Amino acid sequence: YQLLEERYPLISKGIDEVESEEGLQEILKIVGLEFDDLESFSLTVEGLEGISKVHELGRAPKIGSELDLLLKIRFKGKINKHDLISFMLEELEKEKGKEQRDLVEKTKRTDGNTSYLTIPVEVMGHKASSSDLLMAINKDGNHSELIVGILGKVEEALEGKLKQDALTCLNAMSQKRQVTLAMKVDPALWERPEFGAYQQNPLLAGLANSVKGTREVGISISFLKESLGIEICVNCKDAQSALGLWTVAQGGLGMAQLATAQEGSDALSILNRVKTQAIDKNVFVRVEVLPEDLEEFESKLMPPSSRSNGGRTLAENEEMDPLVGKKAPEIQAKSLKGQDFKLSDQKGKIIVLDFWATWCGPCVRALPELVKATSSFNKNKVSFLAVNQGESKKVISKFLKKEKLKSLTVLLDETQKIGEDFNVKGIPKTVVLDQNGIIRHVHVGFSSDIGNRLKGEIDKLLTE
């Protein structure tokens, strides 16, 4: 986490935002704990077969009959059980009325170190659930646990009898892992037509047949002192299937490693450290991610800031964008504030379009620089427009408020049609239009000098 935080401060910023959410802070205050007291979080969902059955009906699966779940949160310290339950009942009354609150409140009971509260089907609604949910707050030494799920699952969890062996890969992966995602794979999946469509192609047929023995997939992350350990475990129906899958995986990895050894290859060097192994019914893929790998990932995903490429600088590569020198496509869109916008009405002004999204780290880094670079110009001569790619008004508004960018003019591109017209294949992408609506400059990605470059380009256009 520290490695990622140092290189990508937006990660820690995002976690800080989660910690500072008013609702979460209120709950933590009520239970008498801090965010850092959270020790582990586990969510188990069972029912892929049920989900697949109701998907075609266009409704969510019912908890209990089609979907089982169990949520376990473990804290350091003691939870103020009484205050937490009272808070939940008060919120329930606000949302659904006193009758519903009374229905839940009468289920409250305490047995030793554990307090229970049942959420009946009548409260959740028969369309959502066919089973009551049970919440248990348990004190275990210097720790507290909050467990929510189907009645039988919660009782098994409290008694330590929960059947974790239902997922073999959980027991096969490193026991020192901190983050794990694991799931079963329904064998019926491999009977779908697409897995038999390539039987005439030996390579694709071999690949399709090799994965048909897959029964589970698990991915885990271990936070080491100066690196990240990543492990993938694929559990197969038998050892023969595992050996076949490993053979295919090892062959593909070998070809990738051979490519990295070739002069001038763009392949990632981390591929040379990937290890594969077949043990009994399991196939393992393991790799250690080093700090230099993060730099390499960034260099592959983001344009370099100054190095040449084929004898051309970054600026020269950007100016080779096929849009440069052409009339900008028409834009008709709504702004975040609900106002109509038409690009052809802006003739006579320099327009700077920035294609972005709140989830895009480089976009978030670039926005303040672009705002600063354009804000010094006369608004009647230069306009800066942030064209958001596919996000909701709520998400955008919340982001602008936190970043103190509420004055920013945002155009909504919910279907990303505008982005498609402007050949946006990656964001951020900044497009500069002259007074006649001709595209003069294009910038892709984020670089530390983006603001100065943009300002210089605008200055030059204003003198033409």
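Student: In this predicted model, is Phe422 buried or exposed?
Tutor: Good place to begin! Buried means under 20% relative accessible area. For Phe422 the relative accessible area is 0%, so Phe422 is buried.

Student: How many aromatic pairs does the structure hold, and is the pair of Phe355 and Phe422 stacked or tilted?
Tutor: The structure holds two aromatic pairs. In the pair of Phe355 and Phe422, the ring centres are 5.6 Å apart and the planes meet at 40°. Planes under 30 degrees apart would count as stacked and over 60 as edge-to-face, so the pair of Phe355 and Phe422 is tilted.

Student: How many residues apart are Phe355 and Phe422?
Tutor: Happily, the elements help here. Phe355 belongs to strand β14 (residues 350–356), while Phe422 falls in the loop between α16 (417–421) and β17 (429–433). The pair therefore links distant parts of the chain, 67 residues apart.

Student: Which residue forms an aromatic pair with Trp356, and in which helix does that partner lie?
Tutor: The partner of Trp356 is Phe399, in a tilted pair with 5.5 Å centre to centre and 40° between the planes. Trp356 lies in strand β14, so its pairing with Phe399 ties together parts 43 residues apart in sequence. Trp356 is buried at 0% relative accessible area, and Phe399 is buried at 11%. The partner, Phe399, lies in helix α15 (residues 393–402).

Student: Over the ring of which residue does the charged end of Arg109 sit?
Tutor: A charge sits over a ring only if CZ of Arg is within 6 Å of the ring centre and within 35 degrees of the ring normal. The charged end of Arg109 is 4.0 Å from the centre of the ring it sits over, that of Tyr116.

Note on methods:
Residues are numbered from 1 along each chain as its sequence is written. This is a predicted model: local features need pLDDT of at least 70, side-chain atom pairs count only at pLDDT 80 or more; totals for chains, interfaces and linings use all residues. Side-chain values use heavy atoms; hydrogens and water are left out. Rings of Phe, Tyr and Trp (its six-membered ring) pair if their centres lie within 6.5 Å; planes under 30 degrees apart count as stacked, over 60 as edge-to-face and the rest as tilted. Helices (H or I, at least four residues) and strands (E, at least two) are DSSP runs, numbered from the N terminus. Buried means under 20% relative accessible area, exposed over 50%, partly exposed in between (1.4 Å probe, protein chains only).
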